[in-house]
Amino acid sequence: MKSKYYYNSSRAPSPNMPRSIGVVGIIYDGDKVLFEERRSEDEKWSFIGGKVEDNESVLQALFREIKEETGQDVSVYEFFGIFSEPGRIIEYLNGGVKQVVTIAFKVKLLDNNVKCSNESKSIRFRDINEMSEDRFVETHIPILRALKENKKMHID
């Protein structure tokens, strides 16, 4: 297991690293959304995304992460939300602990013939209401909730 994720949990350790920025692409195919099943001990589901590297913009990170994890390019994107509440914590195996801010976008791909990368166990388009929070990466739960509530835009 690479890391542990927490969302407003009393069990979360205190951060000992600077806060980091991540991006998420909420990728649509009709009324379904693309989810990845992560390679970890608990095999939880999440949206497609990752960390914004120091040498790239938020949009460059979004396009890179989607290309790496799906094999496809973004054709259209729209800002969805900023998820910044301090209870979103990641704990790494090396002992590093950080809060994460995630900037989410609704995305359409040039081609929905996605390919699963080595980072994921599987990826597939599913109905958003099929996704239960207990099988979801904890830091992505507020994004899932905002999407299920059909919010046009979310900022916390």
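Here's a walk through this structure, from its biggest pocket to its aromatic pairs, a helix and some paired strands. Keep in mind that this is a predicted model.

Let's start with empty space. Rolling a probe the size of a water molecule over the atoms shows where such space is left. Here, the largest pocket has a volume of about 850 Å³. Its lining is made up of 38 residues, and the closest to the centre are Ser3, Tyr5, Arg38, Ile90 and Tyr92. Where does the lining of the largest pocket come from? Strands S1 (3-7), S2 (20-29), S3 (32-38), S5 (48-51), S7 (88-92) and S8 (97-109) each supply at least two residues, and so does helix H1 (58-70). Sorted by class, the lining has 17 charged, 11 nonpolar and 10 polar residues.

Now for the rings. You can describe a pair of aromatic rings by the distance of the centres and the angle of the planes. This structure holds 7 aromatic pairs. Take Phe47 and Phe136: their centres are 5.4 Å apart and their planes sit at 75 degrees, an edge-to-face pair. Why does this pair tie together parts that are 89 residues apart in sequence? It's because Phe47 lies in the loop between strand S4 (45-46) and S5, while Phe136 is in the loop between strand S9 (120-126) and helix H2 (141-148). Are these two rings' residues buried or exposed? Residues under 20% relative accessible area count as buried, so Phe47, at 0%, is buried, and Phe136, also at 0%, is buried as well.

There's a cluster to look for too: ring pairs link Phe63, Tyr77, Phe79 and Phe105. And a charged residue joins the ring story at Trp45, where Arg126 lies over the face of the ring, 5.0 Å from its centre.

Next, have a look at H2. This helix is mostly covered, with 6 of its 8 residues buried. The buried ones are Ile141, Pro142, Ile143, Leu144, Ala146 and Leu147. Just after H2 comes Asn150, which takes a positive phi of about 60 degrees.

Finally, follow strand S6 (residues 74-83), which pairs with two strands of the model. With S8, S6 pairs in the antiparallel sense over 8 bridges. With strand S10 (residues 154-155), S6 pairs in the parallel sense over 2 bridges. Gly81 is a handy spot to see both: its bridge partner in S8 is Ala104, and in S10 Gly81 stands opposite His154.

Key: Residues numbered from 1 in each chain as written. Predicted model: local features only at pLDDT ≥ 70, side-chain atom pairs only at ≥ 80, totals over all residues. Heavy atoms only, no water. 1 Å grid on protein atoms, 1.4 Å probe; cavity = no way out; pocket = protein on both sides within 12 Å on 5 of 7 lines; lining within 4 Å. Points joined across faces, edges and corners; volume = space filled by probe spheres on them. Helix = DSSP H or I, 4+ residues; strand = E, 2+ residues; numbered from the N terminus. Nonpolar A, V, L, I, M, F, W, Y, C, P; charged D, E, K, R; others polar. Phe/Tyr/Trp six-rings, centres within 6.5 Å; stacked < 30°, edge-to-face > 60°. Buried < 20%, exposed > 50% of the residue type's maximum accessible area, 1.4 Å probe, protein only. Lys NZ or Arg CZ within 6 Å of the ring centre and 35° of its normal. Pairing = 2+ DSSP bridges.
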